[in-house]
Amino acid sequence: MSEPKSLKARPRASSLKQLEGDPAHHLAGSFVPQTPLESAPLSKRKSTTGQAGIDEAQSQGFWSNIRSMQWMRVPTSSLKLLAIPAVLYVNWQILAPALPNPFASVLFISHKIPGTPTEKPLYQKGYNDIPFVLYYIIMWSFVRQVLVLYIFRPFAQWWGIPDGKLDRYGEQGYALLYFGFSGSWGLKIMSELPTWYYNTKAFWIGYPHWEMIAELKWFYLLQMAYWMQQLLVLALRLEKPRKDYNELVIHHIVTLWLVCWSYLVNLTYIGNAIFVSMDIPDAFLAITKLLNYMQLENFKNVMFVIFIFESYFRHWLNLLMIKSVWDEFHLMPETSKQWNPPTGAWMVWWMQYQVLVPIVLLQLVQLFWYFLIWRILYRAVFQSTLVDDERSDDEDEPVEKAGKKE
């Protein structure tokens, strides 16, 4: 599609400035001031079916959705997929209760360590974790679409948010619930571990930490399923790509590298700490975006400032963990500094860098977005006139409409 003449006529800004002011950018775009609610009476606004709603309405049937991967966007199809192992599990329990249920490992965590207390069992990793994660990829797809289609989109329409922003509002609503839940849960789990509160030496002392409390294993595998589902959405282009598509792909790949590799090599303590440091500020970020869509400017500004200071989690604590990998790696027992997977030990000397690199990469991506946030805050405070003039009715509109004052 050819660019408008107005865009061709003016000098191009740097790619960083384009991302910062681009309404289609997943981070900065949500802070571009939205169309005022009073600009069009609610009674005169025509509601159209958003992209997520179109997917449900145009569903070609269960098997067709399976083949095309549209089950990730059509909740009725994902619900049917979820129901199959659940029904088989219940039938087995009824018909053969004395025999081990082969479907239990799909629905529940497995590999309980024999001899551990019934009231507080311990678990290890194993091959049954694979079908569990695959099942909960489907579960997250179902939960996400139900929340977006049937809760957040209707609420946004009732509030009077423009049609072009309904899906984005729904996505941020889902992000708020997910990261609020996972951040709080991860913090609770950390309180039961020797790593509380960011006692980084405990990441290494006593390694390998192959025994997991039940909550830690649930938490880890559900996080793994969530990020795999998110990466599938990006890779299959099930949503219209944002302008920072490449950065999002890198972020998701690095996150999966961290969660899968740390689970495999028994570094779940540091993995839990990283999740907490990332999920809590993500919840605050989602709140600021929702308030901005709703035009609650005073609340949004307060939450935006809170988010900036909550970056203590995202940056300071992650730098603390990077320092721990570099300086405290040697604290693990000498017997663990070998490649001996049957005993749970993987930490030969070069594994220090295998742990360090993805955390550093994740921090670099976060610093890129962090810089954009600070520039947005600076302009909102010191260049309020320019920011107020940068209005956009649709997050997917061309760059020049939101950034013509650049």
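Select Leu 285 to begin: this residue lies in helix α11. Helices here are DSSP runs of H or I with at least four residues, strands are runs of E with at least two, and both are numbered from the N terminus. Leu 285 is buried, with a relative accessible area of 9%. Buried means under 20% relative accessible area, exposed means over 50%, and partly exposed is in between, using a 1.4 Å probe and protein chains only. Now add Gln 172 to the selection: Leu 285 and Gln 172 are 113 residues apart in sequence, yet their C-alpha atoms are 8.9 Å apart in space.

A word on what you have open: this is a predicted model, in which local features need pLDDT of at least 70 and side-chain atom pairs count only at pLDDT 80 or more, while totals for chains, interfaces and linings use all residues. Residues are numbered from 1 along each chain as its sequence is written, and side-chain values use heavy atoms, with hydrogens and water left out.

**The whole protein**

Zoom out and switch to a cartoon view. The protein has 15 helices and two strands. Of its 406 residues, 52% are buried. Contact means heavy atoms within 4.5 Å. Among contacts in the protein with a separation of 6 or more, 74% are between residues 24 or more positions apart. If you turn on the surface, the accessible area is about 19500 Å², and carbon and sulfur atoms hold 66% of that. Accessible areas come from the Shrake-Rupley method with a 1.4 Å probe, and for residues only the protein chains shown count as cover.

**Helices α10 and α11**

Go back to α11, residues 268-293, and select α10, residues 245-264, with it. The two helices pack at an angle of about 155°, and their axes are 8 Å apart. Axes are lines fitted to C-alpha atoms, for helices over the stretch in contact, with angles from 0 to 180 degrees between N-to-C directions. The angle makes α10 roughly antiparallel to α11; that term applies to angles over 145 degrees, while under 35 is roughly parallel, 65 to 115 roughly perpendicular and the rest oblique.

Which residues of α10 and α11 meet? Show Leu 258, Val 259, Ser 262 and Tyr 263 on the α10 side, then Thr 268, Gly 271, Ile 274 and Phe 275 on the α11 side. By class, this contact has five nonpolar, three polar and no charged residues. Nonpolar covers Ala, Val, Leu, Ile, Met, Phe, Trp, Tyr, Cys and Pro; charged covers Asp, Glu, Lys and Arg; the others, Gly among them, are polar.

**Stretches listed by UniProt**

An unreviewed UniProt entry lists "transmembrane region" for several stretches, including residues 79-99 and 132-152. UniProt positions follow the numbering used here, feature names are shortened, and annotations may be inferred rather than shown by experiment. Colour residues 79-99 and you will see a chain that is 81% helix and 0% strand, with its end C-alpha atoms 27 Å apart. Residues 132-152 are 100% helix and 0% strand, and their end C-alpha atoms are 28 Å apart.

**Two buried residues**

Next, pick Ser 78 in helix α5, residues 75-95. Is Ser 78 buried or exposed? At 0% relative accessibility, Ser 78 counts as buried. Not counting residues up to four places away in sequence, Ser 78 touches Trp 71, Ile 138 and Phe 142.

Move on to Tyr 174 in helix α8. Tyr 174 is buried too, at 3% relative accessibility. Leaving aside neighbours within four places in sequence, its contacts include Trp 140, Leu 147, Phe 152 and Tyr 226. Another of its contacts is Arg 144; the C-alpha atoms of Tyr 174 and Arg 144 are 6.3 Å apart, with their positions 30 residues apart along the chain.

**Stops in the loops**

Follow the loop between α8 (166-190) and β2 (212-213) to find Tyr 197. The peptide bond from Trp 196 to Tyr 197 is cis, with omega near -25°. Pro 208 lies in the loop between α8 and β2 as well, and the peptide bond from Tyr 207 to Pro 208 is cis, with omega near 10°.

Now visit the loop between α6 (104-107) and β1 (122-123), where you will find His 111. His 111 has a positive phi, near 70°, and is not a glycine. At 25% relative accessibility, His 111 is partly exposed.

Finish at Gln 295, in the loop between α11 and α12 (297-327). Gln 295 has a positive phi of about 65°, although it is not a glycine.
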